[in-house]
Amino acid sequence: MKSAIIVFPGINRERDMARALTLISGREPAMVWHADSALPAGTDLVVIPGGFSYGDYLRCGAIAARAPIMDAVRAFAAKGGLVLAICNGFQIACEAGLLPGVLMRNAQLRFICRDVYLRVERSDTAFTRGYNAGQVIRVPVAHGEGNYIADGETIARLEGEGRVVFRYSSPDGMVDPNWNHNGAMNAIAGIINERGNVLGMMPHPENHVEAAMGRTDGRGLFAGLVDHFKLAA
Amino acid sequence: MISNEPAITPELIAQHGLKPEEYERIVKLIGRTPSFTELGIFSAMWNEHCSYKSSRIHLRTLPTKAPWVIQGPGENAGVIDIGDGLAVVFKMESHNHPSYIEPYQGAATGVGGILRDVFTMGARPIACLNALSFGDPKNPKTRALVAGVVSGIGGYGNSFGVPTVGGEVRFDRRYDGNILVNAMAVGLADKDKIFYSAASGVGMPIVYLGSKTGRDGIHGATMASAEFGANAEEKRPTVQVGDPFSEKLLLEACLEIMAKGCVIAIQDMGAAGLTCSAVEMGAKGDLGVTLDLDKVPCRETGMSAYEMMLSESQERMLMVLKPEKEKEAEAIFRKWGLDFAVVGETTPTKRFIVRHGGALVADLPIKELGDEAPLYDRHFIENKRQPVIDAASVKPPMPNSDALEKLIGSPDLCSKRWVWEQYDHVILGNTVQRPGGDAAVIRVNDGPKALALTSDVTPRYCEADSFVGGKQAVAEAWRNLTAVGAQPLALTDNLNFGNPERPDIMGQFVGCVRGIGEACRALDFPVVSGNVSLYNETKGRAILPTPTIGGVGLLDAFTKSMTIAFKAEGEAILLIGETRGWLGQSLYLRDICGREEGAPPAVDLAAERRHGDVVRGLIRDGLVTAVHDVSDGGLLVALAEMAMASGIGAVLEEQSRVPAHAFWFGEDQARYVVTAKDAQSVSERAKAAAVPFARLGATGGAVFAVDGERPLPVDELKRRFEAWLPAYMAGSSA
């Protein structure tokens, strides 16, 4: 699996992501500078990582979504290439029109860093094939603006088409306002686009890939992607 | 032109925080009346914050050397060797005055400043800690200060991308008018690639890098060197404004040009901005410096020389670059979208010369600006010792189970989750132990080594007996590092006190420094960096003496780090160390009995060392399953914390003749609680080392049961432990 991580000024989880990808795929990802206009030839997976691109100034993800490299990312996605957009990446993907909706400030108006439980809604996507549908995983979040909101029609469509792939839940998989730590609509933690090749999610599976750092629940996502490309090859 | 050159009057001198005799010293030194800009430069260099004029004479007594110390105090940060060609660079610094005036920006720029100190030396920051002291929760300002400071720390550190993994939060009415915000940053560098601030070579270009200079923070360091009056809020314009985005870019750009070998010397612009950084680089290198202010990138037009020299705008650096690498360095900075300007050069004259608009605005002897700063051996009186309180004379006002419930739900002992959940503590993927334990543990790169980090001080002990309090702060930091299995290596100290011109305050300072020095020597735990913050007073009322100790320790294997949580049912709970039931200055005496008195617990450094070495050995050899240092609140609080961290209960029994409340809540030092599958092997180790040892009970069940007391369900304890701070911040309790 040949991955490329997009690096915008102010991004800060690109190293975490690179380490997780290297650990699980056995191959170091390419780091692609925001001012470049092309992705490395043969890229399988594009990752838009977490952080504070352009300081989150103006609006989270708004400036990054208009960076030169994003034209290449949009073209890559349009051709069916896989794009994994995490945290600030999710915000950027929404701003770039790759995914619907928007990430607003957390309901409690504070930055929150803690482990959360996610119910995996389906296992038949390239991103979630490493999990079972209904499985609950535990991964950290670290964001101030992760409260997913979209208009009623969009939410209905997302739900109707099964495009909500991760939902905040209790440890035993119940969706409950007490476990929806940022107030997201329908406890949405991650969604895919219509074609299923772009995933946006707020939590950080890349920070739970080693037992010594707490848990390994995040591995399934990366291991699943590796399998996906193995099968395709 | 002359509009920025007002006549030098006694009022103007006083406004610059200079005493009449200090001004006389300036006139004698330069042989004439200083210009307005020169007066500003002197006030920036000679204030307490930058010159350490009241503290230097005492700081010299601290031990700063050990075979593993690469750089002690005097540089931007301390540097220690951790083997494998790696060095740890760290320092703690206060941002107290600004954080009270403007909590968000004050705290944010405190974090920014300390991060810059670390990466200026060539290290990539890997962790931050924060020690925070706030006023009485009932004070109407406290809640807003907590909210502002915490979100400022998070706002800067989270965006910069460094995990904030530990620290302390305390409340006391003595901090009502002067909160303390002490920020510590820790970085990792290659041992042979440390960068220093001394310039070398004549005619070398001096380069200004980073953000533009604006009118913020002018006189910040001078403001921080004075007491607050009734008008503290009016000083808001002296607080700087932080931009973590620029700092992140500055970090990446600096590390990149360092890696490319472009840098001869580097100094960040912190307190007193351009003035302090330029003078330090020149003076340390025995060189003169000429600055042309017309070249300085400015955020606004029409800034005077005076304003430019005193601005404390953030995210700026000054460097001496290798001339042949100048173009390469400039290209790197342009790539990161940062300003880059050659603003001066080094000269052989040892003069500090500043030009602006073609005119000479300062011409001063560079060495004397720093070296000839006033040095005071201030008069001090030692604190009056308080009597030792006999535990038998303290009547318990409530059952011990009630007291425990009250203590763990109190502002000082309750869970600080509300605070540290606002800090990204998992970024970089190396956080082995998150906040909430004895010390944070951060893996070094891909391992196997790890660093343990903690910050500690018990201000009420320091006030009751400064010498003992100074010792205790160091001993507790050493103990916390030990409790996670680390070998303590070195510390940074952040000494927060009131007005040193008052002999009783100066006495606190001197006592604490002596105590710190004695403990450092006894524990082989040298001071490698630090910061002094004096004049933490409002309307003549000083803070509690608060010498915060930031400790760094090393684990050989991150997989062997020990935590406080009980691990399994049916394990033996053991106490290492002696319990005499010391209630003087305890939280039990203060919060349960309403008495703030007595001598603080004695600190026996030989016992600390002996007990700690045994505990570290037990961890290393896998003989214990959980370890927790016993400190604020005493034994029962420590045990409850171990139960709450695991959800596993305990059955406990007193094993001494000490009155029960004193046994469970006394704050005797040099103690650890450990759990073990096999108590025998632990007791053998303790006996062999002549370390006092007692069996307290066993883990198990879901109830915390102390012999003769009402049993407490662990989940109920936990609910109380977690309840106070969120409720307080939501405005529903005080």
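## Predicted two-chain model: turns, helix packing and interface

Pro448(B) sits in the loop that runs between β15 (440-443) and β16 (450-456) of chain B. The bond leading into this proline stands out: from Gly447(B) to Pro448(B) the peptide is cis, with omega near 5°. Most peptide bonds are trans, and most residues other than glycine have a negative phi.

This is a predicted model. Its scores are ipTM 0.96 and pTM 0.96. For chain B the average pLDDT is 94, and 97% of the residues score at least 70.

### The two chains

The table sets out chain A and chain B by property.

| Property | Chain A | Chain B |
|---|---|---|
| Secondary structure | Chain A: five helices, 11 strands | Chain B: 25 helices, 28 strands |
| C-alpha box along principal axes | Chain A: roughly 45 × 40 × 35 Å | Chain B: about 85 × 50 × 45 Å |
| Buried residues | Chain A: 57% of 233 residues | Chain B: 63% of 734 residues |
| Contacts 24 or more apart, among those 6 or more apart | Chain A: 75% | Chain B: 85% |

How does the radius of gyration of chain A agree with that of a compact globule? A compact globule of 233 residues would come near 17 Å, and chain A has 16 Å, so the two agree. Chain B gives a similar check. With 734 residues, a compact globule would be near 27 Å; chain B has 26 Å, which agrees.

### Where the chains meet

The contact draws 24 residues from chain B and 22 residues from chain A. On the chain B side, three elements give two or more residues: α8 (142-160), α10 (244-259) and β14 (431-433). Which of them gives the most? It is α10(B), with four residues. By class, the chain B side has 10 nonpolar, 10 polar and four charged residues.

### Two helix pairs in chain B

Two packed helices are described by the angle between their axes and the distance between the axes.

Start with α10(B) again, now inside its own chain. Its axis and that of α7 (residues 103-119) of chain B come within 11 Å and cross at roughly 5°. Angles under 35 degrees count as roughly parallel, so α7(B) is roughly parallel to α10(B). From α7(B), the contact uses Gly112(B), Leu115(B), Arg116(B) and Phe119(B). From α10(B), the partners are Pro244(B), Glu247(B), Leu251(B), Cys254(B) and Leu255(B). By class, this contact has six nonpolar, one polar and two charged residues.

The second pair is α22 (residues 634-646) and α25 (residues 714-729) of chain B. Their axes lie 9 Å apart, at an angle of about 100°. Are these helices roughly parallel or roughly perpendicular? The angle makes α22(B) roughly perpendicular to α25(B). Ala640(B), Ala643(B) and Met644(B) come from α22(B). They meet Val714(B), Leu717(B), Lys718(B) and Phe721(B) of α25(B). The residues divide into six nonpolar, no polar and one charged.

### Positive phi in buried loop residues

Asp56(A) is not a glycine, yet its phi is positive, near 60°. The residue is in the loop between β3 and α2 of chain A. Is Asp56(A) buried or exposed? A residue counts as buried when 20 or more other C-beta atoms lie within 10 Å of its own. Asp56(A) has 23, so it is buried.

Gln585(B) also has a positive phi, about 65°, although it is not a glycine. Its place is the loop between β22 (572-576) and α20 (587-592) of chain B. Gln585(B) has 27 other C-beta atoms within 10 Å, and so it is buried.

### Cys60(A) and its surroundings

The chain A loop between β3 (45-48) and α2 (69-78) also holds Cys60(A). Because it has 28 C-beta neighbours inside 10 Å, Cys60(A) counts as buried. Which residues does Cys60(A) contact, leaving aside its neighbours within four places in sequence? The partners are Asn88(A), Gln91(A), Leu103(A) and Glu145(A). Leu103(A) is 43 residues from Cys60(A) along the chain, yet the C-alpha atoms of the two are separated by 8.3 Å.

Definitions and conventions: Residues numbered from 1 in each chain as written. Chains lettered and ligands numbered in written order. Predicted model: local features only at pLDDT ≥ 70, side-chain atom pairs only at ≥ 80, totals over all residues. Rg over C-alpha atoms; globule rule 2.2 N^0.38 Å. Buried ≥ 20, exposed ≤ 12 C-beta atoms within 10 Å, placed from the backbone. Contact = placed C-beta atoms within 7 Å. Nonpolar A, V, L, I, M, F, W, Y, C, P; charged D, E, K, R; others polar. pLDDT = per-residue confidence, 0-100. Axes fitted to C-alpha atoms, helices over the stretch in contact; angles between N-to-C directions. Parallel < 35°, antiparallel > 145°, perpendicular 65-115°, else oblique.
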